[in-house]
Amino acid sequence: MTTQGPKPRPPRRRLTPEGSRAFPERMERTAIPPFSVFLEEHRSLVYRFLAATIGRDNADDAFQETFLSALKAYPRLRPDSNLRAWVMAIATNKAMDHGRRVQRRAVPVAEVPERAAPPQDDGADPGLWAAVRELPPLQRAAVVHRYVLDLPYAEVAEAIGTSEEAARANAYEGRKKLRAALKGTEGR
Amino acid sequence: MTNIDAALRRLDQDAEDPSRQAAAAFADAARTAGLLDVAYATVDSPFGPLLLAATRRGLVRLAYPNEPVDDALQELAAEVSPRVLESPAALDDLRRQLDEYFDGGRSRFDTRIDWSLTKGFTTRVLRATARVPFGRVTTYREVAGKAGNDRAYRAAGNALGSNPIPIVVPCHRVLHSGGGLGGYTGGLDRKEFLLRLEGVLD
């Protein structure tokens, strides 16, 4: 279940809103924007991430949890924070929490597959979607950030709370497993 | 580009509609969680859409359509709290009261006021102004006196000019001692319209 990256993964640093690093990127900001503006700017990306990671059925609840956590911590945010990286870190934590809850519930009924609907009705390969749900949480999040949403590794690292190297390793390992799984289904 | 990358891209769905619905539902969740510090909404009026903003303490801001909404929200975020969300439900009652006022069916507003955006003499002038009833008028000198300094009528004029809650805090009911209408930040035609609505002007 653990990641086999080329380098040992540093201790997992959970990016809670309270503990999130704020890195100066947009220095022109002098004050944090009204939360309504922040929500409007990031709602779509957060939703896309959640739908692709835990399925559309679970995305709504995780969306509310993500923005409630963000709202709670928002007044203490530094004005020069990278807001996108910050909210994606919170969304990643919520998606991983969801994954752990599902895993715990699934133990006694291991034969029953998780019934998360794919992020969309058509287009998505059901075999791939099943394989994505099999990935360890960190690899799943890294793959979605990097290969589904096309985010740069610096932001993937910030979102999943690892170094950039570990983010690359997780995305690489995850993609490798998915490729193997996809080949498997095509071969049948 | 291998199969896997294309297949992964297809997991990305267009989330415009579901995320808009989720964002609209979020204001209620925030309110229930006690995390909504500033709720805002718009209400139609004869002047165009008015922006209303309220805290738990009361109405904190009313902006005419010529004021950019973004600027008003930014000011609220900086001066009151950045926990600002659009929540028509939180302002339902006040929106109804304003509708009734513009329809000529309401002569006073039942709402508490949050004076967070003003201080000192300005707040005292506006508090005095808030007590001037519908259909009556007063003078700059009089509200200056009620605020503690009847010679400061020019400062009182400035205070009224910076009224963050026009209409509900009726600065349009304050006129020159000589009988002139005086000024109005929202434009003198608006002052005349409101005084006509209240039966002060023909």
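Me: In what hand does α2(A) pass α2(B) at their crossing?
Reply: In this predicted model, the axes of α2(A) and helix α2 (residues 16-32) of chain B come within 10 Å. They cross at roughly 55°, which makes α2(A) oblique to α2(B), since oblique covers angles that are neither roughly parallel, roughly antiparallel nor roughly perpendicular. The crossing of α2(A) past α2(B) is right-handed.

Me: Which residues of α2(B) make the contact with α2(A)?
Reply: By class, the contact of α2(A) with α2(B) has 8 nonpolar, 1 polar and 1 charged residues. From α2(A) come A:D60, A:F63, A:Q64, A:F67, A:L68 and A:L71. On the side of α2(B), the residues are B:A22, B:F26, B:A29 and B:A30.

Me: Which helix supplies the largest share of the side of chain A that touches chain B?
Reply: The contact between the chains involves 35 residues of chain A and 32 residues of chain B. On the side of chain A, at least two residues each come from α1 (35-54), α2 (56-73), α5 (137-148) and α7 (164-187). The largest share, 9 residues, comes from α1(A).

Me: How many nonpolar residues does the side of chain A that touches chain B have?
Reply: This side of chain A includes 5 polar residues and 7 charged residues. Its nonpolar residues number 23.

Me: What pattern does chain A follow when read along the sequence?
Reply: The secondary structure of chain A comes to 7 helices and 0 strands. Read along the sequence, the pattern is α-α-α-α-α-α-α.

Me: What percentage of the contacts in chain A between residues at least 6 apart in sequence join residues at least 24 apart?
Reply: Chain A has 188 residues, of which 45% count as buried. Among its contacts between residues at least 6 apart in sequence, the share joining residues at least 24 apart is 76%.

Me: Why is α1(A) described as oblique to α5(A)?
Reply: The axes of α1(A) and α5(A) are 10 Å apart, and the two helices pack at an angle of about 130°. Because roughly perpendicular ends at 115 degrees and roughly antiparallel applies over 145, this angle belongs to neither class. The relation of α1(A) to α5(A) is therefore oblique.

Me: Which residues of α5(A) make the contact with α1(A)?
Reply: The crossing of α1(A) and α5(A) is right-handed, and their contact has 5 nonpolar, 1 polar and 1 charged residues. From α1(A), the contact takes A:F49, A:A52 and A:T53. From α5(A), it takes A:R140, A:A141, A:V144 and A:V148.

Me: How many nonpolar residues does the contact of α1(A) with α2(A) have?
Reply: The axes of α1(A) and α2(A) come within 9 Å and cross at roughly 140°, in a right-handed crossing. In α1(A), A:F35, A:L39, A:V46, A:Y47, A:L50, A:A51 and A:I54 take part, and their partners in α2(A) include A:F63, A:F67 and A:L71. Alongside 2 polar residues and 1 charged residue, the nonpolar residues of this contact number 12.

Me: What separation lies between the centres of domain 1 of chain B and domain 2 of chain B?
Reply: The domain assignment of chain B gives domain 1 (14-102) and domain 2 (120-197). Taken over C-alpha atoms, the separation of their centres is 26 Å.

Me: How many residues does domain 2 of chain B give to the contact with domain 1 of chain B?
Reply: Domain 1 of chain B gives 6 residues to this contact. By class, its side has 5 nonpolar, no polar and 1 charged residues. The number from domain 2 of chain B is 8.

Me: Is A:D150 buried or exposed?
Reply: A:D150 lies in the loop between α5 and α6 (153-160) of chain A. Its phi is positive, about 65°, although A:D150 is not a glycine. Within 10 Å it has 10 C-beta neighbours, and 12 or fewer is the criterion for exposure, so A:D150 counts as exposed.

Me: Is B:I167 buried or exposed?
Reply: B:I167 lies in the loop between α7 (153-161) and β6 of chain B. Phi of B:I167 is near 75°, a positive value in a residue other than glycine. With 20 other C-beta atoms within 10 Å, B:I167 meets the threshold of 20 or more and is therefore buried.

Me: What distance separates the C-alpha atoms of B:G179 and B:R108?
Reply: B:G179 is in the loop between β6 (174-175) and α8 (188-197) of chain B. B:G179 is exposed, with 9 other C-beta atoms within 10 Å. B:G179 and B:R108 are 71 residues apart along the chain, and their C-alpha atoms are separated by 24 Å.

Terms used. Residues are numbered from 1 along each chain as its sequence is written. Chains are lettered from A and ligands numbered from 1 in the order in which they are written. This is a predicted model: local features need pLDDT of at least 70, side-chain atom pairs count only at pLDDT 80 or more; totals for chains, interfaces and linings use all residues. Two residues are in contact if their C-beta atoms, placed from the backbone, lie within 7 Å. Helices (H or I, at least four residues) and strands (E, at least two) are DSSP runs, numbered from the N terminus. Ala, Val, Leu, Ile, Met, Phe, Trp, Tyr, Cys and Pro count as nonpolar, Asp, Glu, Lys and Arg as charged, and the others, Gly among them, as polar. Domain bounds come from an automatic or database domain assignment. Axes are lines fitted to C-alpha atoms, for helices over the stretch in contact, and angles run from 0 to 180 degrees between N-to-C directions. Angles under 35 degrees count as roughly parallel, over 145 as roughly antiparallel, 65 to 115 as roughly perpendicular and the rest as oblique. A crossing is left-handed if the near helix is turned anticlockwise from the far one by less than a right angle, and right-handed if clockwise.
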